[in-house]
Amino acid sequence: MNRIVHFEIQADDLPRAAEFYRTVFGWEITKWDNPSMEYWMIMTAPKESKEPGINGGLLPRKGPSPVEGQCVNAFVCTVQVDNIDETIVAIEKAGGTLALPKFSIAGMAWQAYYKDTEGNIFGVHQMDPSAK
């Protein structure tokens, strides 16, 4: 099977983007010491974790920033969270903005979409079989 094994987030301001994701999700983000390119490694769980998921990277945007109202032109990653309402508060407090309000996936979960400080859209997802 061909699985996604790494994700990348493009940003205009890498330290600001790193702080956003550290604050909201508690990810470990460190600058990679490589003189040929600016790249920050993202660990979404400790190295020995058996929790499903992938790690990624943060890199400088190579073109213009997304404009308000443009369609999504990339894969959208969704982060599974324990409490979507608490996560939404943390996202907004850290400077994220609403892209699509929280909605139910009946019998399965709650979902919402936000923009990070760099204008990138991402999802948050809370499993909840009682969602209606």
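Here are some questions and answers about this predicted model.

Me: Happy to start with the sheet: in what order do the 4 strands of the open sheet run?
Reply: Two strands, β5 (78-80) and β6 (97-105), pair on one side only, which puts them at the edges. The pairing across the sheet is mixed, and neighbouring strands are turned by 20° against each other on average, direction ignored. The order is β5-β8-β7-β6.

Me: Which residue of β7 is the bridge partner of Leu100?
Reply: Strand β6 runs antiparallel to β7 (residues 109-115), and 6 bridges join them. Leu100 has its bridge partner in β7, and that partner is Tyr113.

Me: What angle does the direction of helix α2 make with that of β7?
Reply: Helix α2 covers residues 84-93 and packs on the sheet. There it touches β6, β7 and β8 (121-127). Its direction and that of β7 make an angle of about 5°.

Me: A nice one to look at next: is Gly56 buried or exposed?
Reply: Gly56 lies in strand β4 (residues 55-60). Leaving aside residues up to four places away in sequence, it touches His6, Phe7, Trp40, Met41 and Ile42. Its relative accessible area is 1%, and buried means under 20%, so Gly56 is buried.

Me: How far apart are the C-alpha atoms of Gly56 and Met43?
Reply: Along the chain, Gly56 and Met43 are 13 residues apart. In space, their C-alpha atoms are separated by 6.7 Å.

Me: On to the salt bridges: which residue does Asp12 meet in one?
Reply: Asp12 sits in the loop between β1 (6-11) and α1 (14-25), while its partner is 49 residues apart from it, in the loop between β4 and β5. Asp12 counts as partly exposed at 43% relative accessibility, whereas the partner counts as buried at 14%. The N to O distance is 3.2 Å, and the partner is Arg61.

Me: How many residues apart are Glu118 and Arg16?
Reply: The closest N and O atoms of this salt bridge are 2.7 Å apart. Glu118 is buried, with a relative accessible area of 5%, and Arg16 is partly exposed at 39%. Glu118 lies in the loop between β7 and β8 and Arg16 in helix α1, a separation of 102 residues.

Me: Which residue forms a salt bridge with Lys102?
Reply: Lys102 lies in strand β6 and its partner in helix α2, so the pair ties together parts that are 17 residues apart in sequence. Lys102 counts as partly exposed at 35% relative accessibility, and the partner also counts as partly exposed, at 42%. With the closest N and O atoms 2.8 Å apart, the partner is Asp85.

Technical notes: Residues numbered from 1 in each chain as written. Predicted model: local features only at pLDDT ≥ 70, side-chain atom pairs only at ≥ 80, totals over all residues. Heavy atoms only, no water. Pairing = 2+ DSSP bridges. Axes fitted to C-alpha atoms, helices over the stretch in contact; angles between N-to-C directions. Contact = heavy atoms within 4.5 Å. Buried < 20%, exposed > 50% of the residue type's maximum accessible area, 1.4 Å probe, protein only. Salt bridge = Lys/Arg side-chain N within 4 Å of Asp/Glu carboxyl O.
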